[in-house]
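These are my notes on a structure that I had not examined before. I record what I looked up, entry by entry.

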Amino acid sequence: MLHIDIHSFSYKKGGIPKDETGNGGGFTFDCRGILNPGRLEEFKIQTGNDIGVQEFLENETEMPQFLELVKGIISINIDNYLSRGFENLQINFGCTGGQHRSVYSAIKIAEYIQKKYPEGTEISLHHDEQHQLNS
């Protein structure tokens, strides 16, 4: 079973999450190049888990293209790790505050992995700055 730990985090607050498995980390994707919905008053108190923020990221930014590239990169490793019997992979998404872009990215990549790899993977989703969203 490949355990995939997915984190959203803040570069300003906590920084890149430490890999607790002892494998030396995994992927870290920087979402700060995507327009920040948190700069708009209507989204300030929301997170990447809220529909309004998700629609903004999907329709007004390059987030869909960004995530397609991420999917391609991580799929290479997931396929390889599954074939070799590896047990751990960490995937991190960071943005300025760990509230909008990184949360959205972590959620969407977790959904993608669950759909593409229903067998052989187990996902833990951690929102390091949005603890109420952890699952």
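Is lysine 108 buried, partly exposed or exposed? I looked up its relative accessibility and found 22%, so lysine 108 counts as partly exposed. I note at the outset that the model is predicted.

**Entry 1: salt bridges**

I searched the whole structure for salt bridges and found three. I recall that side chains of opposite charge can pair when their charged atoms come close.

Lysine 108 takes part in one of them, with glutamate 111 as its partner and 3.5 Å between the closest N and O atoms. Both residues belong to helix H3, where they are three residues apart, about one turn of the helix. I looked up glutamate 111 as well: with a relative accessible area of 42%, it is partly exposed.

Another salt bridge joins the side chains of glutamate 68 and lysine 71, at 3.0 Å from N to O. I placed this pair in helix H2, which covers residues 63–84; here too the two are three residues apart, about one turn of the helix.

Arginine 32 and aspartate 30 also form a salt bridge, and their closest N and O atoms are 2.8 Å apart. Arginine 32 is partly exposed at 40% relative accessibility, and aspartate 30 is partly exposed with a relative accessible area of 35%.

**Entry 2: arginine 101**

I turned next to arginine 101, which is in helix H3, residues 101–116. Which side chain of opposite charge is nearest to arginine 101, and how far away is it? I found aspartate 30, 6.9 Å away. A salt bridge requires the nitrogen and the carboxyl oxygen to be within 4 Å, and arginine 101, although buried, has none.

I then asked what the side chain of arginine 101 does reach. It comes to 2.7 Å from the backbone oxygen of isoleucine 34. It also makes a polar contact of 3.2 Å with the side chain of threonine 96. Beyond four places in sequence, I listed the residues that arginine 101 touches, among them Cys31, Arg32, Leu35, Leu57, Met63 and Cys95.

**Entry 3: histidine 100**

Histidine 100 sits in the loop between strand E3 (88–95) and H3. Its relative accessibility is 5%, so I entered histidine 100 as buried. The side chain of histidine 100 reaches the backbone oxygen of phenylalanine 43 at 2.8 Å. Leaving aside neighbours within four places in sequence, I noted contacts of histidine 100 that include Phe43, Lys44, Gln46, Val53 and Leu57.

**Entry 4: helices H1 and H3**

How do helix H1 and H3 pack, in angle and in distance between axes? Helix H1 spans residues 51–60; I read an angle of about 85° and axes 10 Å apart. H1 is therefore roughly perpendicular to H3. Gln54, Leu57 and Glu58 of H1 make the contact with Arg101, Tyr104 and Lys108 of H3.

**Entry 5: isoleucine 107**

My last entry concerns isoleucine 107, also in helix H3. Isoleucine 107 counts as buried because its relative accessibility is 11%, and the cut-off for buried is under 20%. Apart from neighbours within four places in sequence, isoleucine 107 is in contact with Gly48, Asn49, Leu125 and His127. I also compared its position with that of glycine 97: the two are ten residues apart in sequence and 16 Å apart in space, C-alpha to C-alpha.

Conventions: Residues are numbered from 1 along each chain as its sequence is written. This is a predicted model: local features need pLDDT of at least 70, side-chain atom pairs count only at pLDDT 80 or more; totals for chains, interfaces and linings use all residues. Side-chain values use heavy atoms; hydrogens and water are left out. Helices (H or I, at least four residues) and strands (E, at least two) are DSSP runs, numbered from the N terminus. Buried means under 20% relative accessible area, exposed over 50%, partly exposed in between (1.4 Å probe, protein chains only). Lys and Arg count as positive and Asp and Glu as negative; His and the chain ends are not counted. A polar contact is a pair of N or O atoms within 3.5 Å; within protein, one must be able to donate a hydrogen and the other to accept it, and residues adjacent in sequence count only if both atoms are side-chain atoms. Contact means heavy atoms within 4.5 Å. Axes are lines fitted to C-alpha atoms, for helices over the stretch in contact, and angles run from 0 to 180 degrees between N-to-C directions. Angles under 35 degrees count as roughly parallel, over 145 as roughly antiparallel, 65 to 115 as roughly perpendicular and the rest as oblique.
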